[in-house]
Amino acid sequence: MSNTKHTEESQDSQESQDSREGQDSQRARTSRTPRKRTAPRKRPENESDTTESTTERKKPKPMQVLRQAREQLAELTGMEAESVSSFEQTSEGWALEVEVLELERVPDTMSLMASYQVELDPDGDLTGYRRVRRYERGRADGRK
């Protein structure tokens, strides 16, 4: 009888192990999530085609160039542009003179300002800049 008892126990344990393995494999199959099918990425309308020549590209408007110049200069220098005192289109692109607050002081008339000469290509991308003048906000221009 003891042999029969061990045989029944081993059969029961084998059956429970088989059922656990079946449940595990079923869980593994159901836990996999099906891949989502995604639509191809649509290109924005304003993104230019790589085969398009530069002559066919739309020229940026002057206000777009001004905004781009201010943003790019602020990104490079870490200082916000307060105003644009000079702006012209050149044969190489655009030339601007931008006024920047370099050092804030109290009273505000003692704050240090700087003029930066900024050059951009015809598309409005910054190609160079340099500080051409530094002055106190409250001082009159000393040029003759």
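This passage describes a sheet, a helix and some salt bridges in a predicted model.

A good place to begin is the open sheet, whose 4 strands follow the order β1-β2-β3-β4 with antiparallel pairing. At its edges lie β1 (81-90) and β4 (126-136), each of which pairs on one side only. On average, and ignoring direction, neighbouring strands of this sheet are turned by 20° against each other. Strand β3 (residues 112-120) and β4 run antiparallel and are joined by 9 bridges; for Ser115, the bridge partner in β4 is Arg133. Helix α2 (residues 62-77) lies across β1, β2 (93-103), β3 and β4, and runs at about 125° to β1.

Turning to the side chains, the structure holds 5 salt bridges. One of them joins Arg137 to Glu82, with 3.1 Å between the closest N and O atoms. Because Arg137 lies in the segment after β4 and Glu82 in strand β1, this pair ties together parts 55 residues apart in sequence. Arg137 also forms a salt bridge with Asp108, where the closest N and O atoms are 3.3 Å apart. Here the linked parts are the loop between β2 and β3, which holds Asp108, and the segment after β4, 29 residues apart. Glu82, Asp108 and Arg137 are thus linked in a network of salt bridges. Arg137 is partly exposed at 29% relative accessibility, Glu82 is partly exposed at 36%, and Asp108 is partly exposed at 40%.

Another salt bridge brings together the side chains of Glu102 and Arg131 (3.0 Å, N to O). Glu102 lies in strand β2 and Arg131 in strand β4, so the pair ties together parts 29 residues apart in sequence. Glu102 is buried, with a relative accessible area of 18%, whereas Arg131 is partly exposed at 44%.

Notes. Residues are numbered from 1 along each chain as its sequence is written. This is a predicted model: local features need pLDDT of at least 70, side-chain atom pairs count only at pLDDT 80 or more; totals for chains, interfaces and linings use all residues. Side-chain values use heavy atoms; hydrogens and water are left out. Two strands pair if DSSP finds at least two bridges between them. Helices (H or I, at least four residues) and strands (E, at least two) are DSSP runs, numbered from the N terminus. Axes are lines fitted to C-alpha atoms, for helices over the stretch in contact, and angles run from 0 to 180 degrees between N-to-C directions. Contact means heavy atoms within 4.5 Å. A salt bridge is a side-chain nitrogen of Lys or Arg within 4 Å of a carboxyl oxygen of Asp or Glu. Buried means under 20% relative accessible area, exposed over 50%, partly exposed in between (1.4 Å probe, protein chains only).
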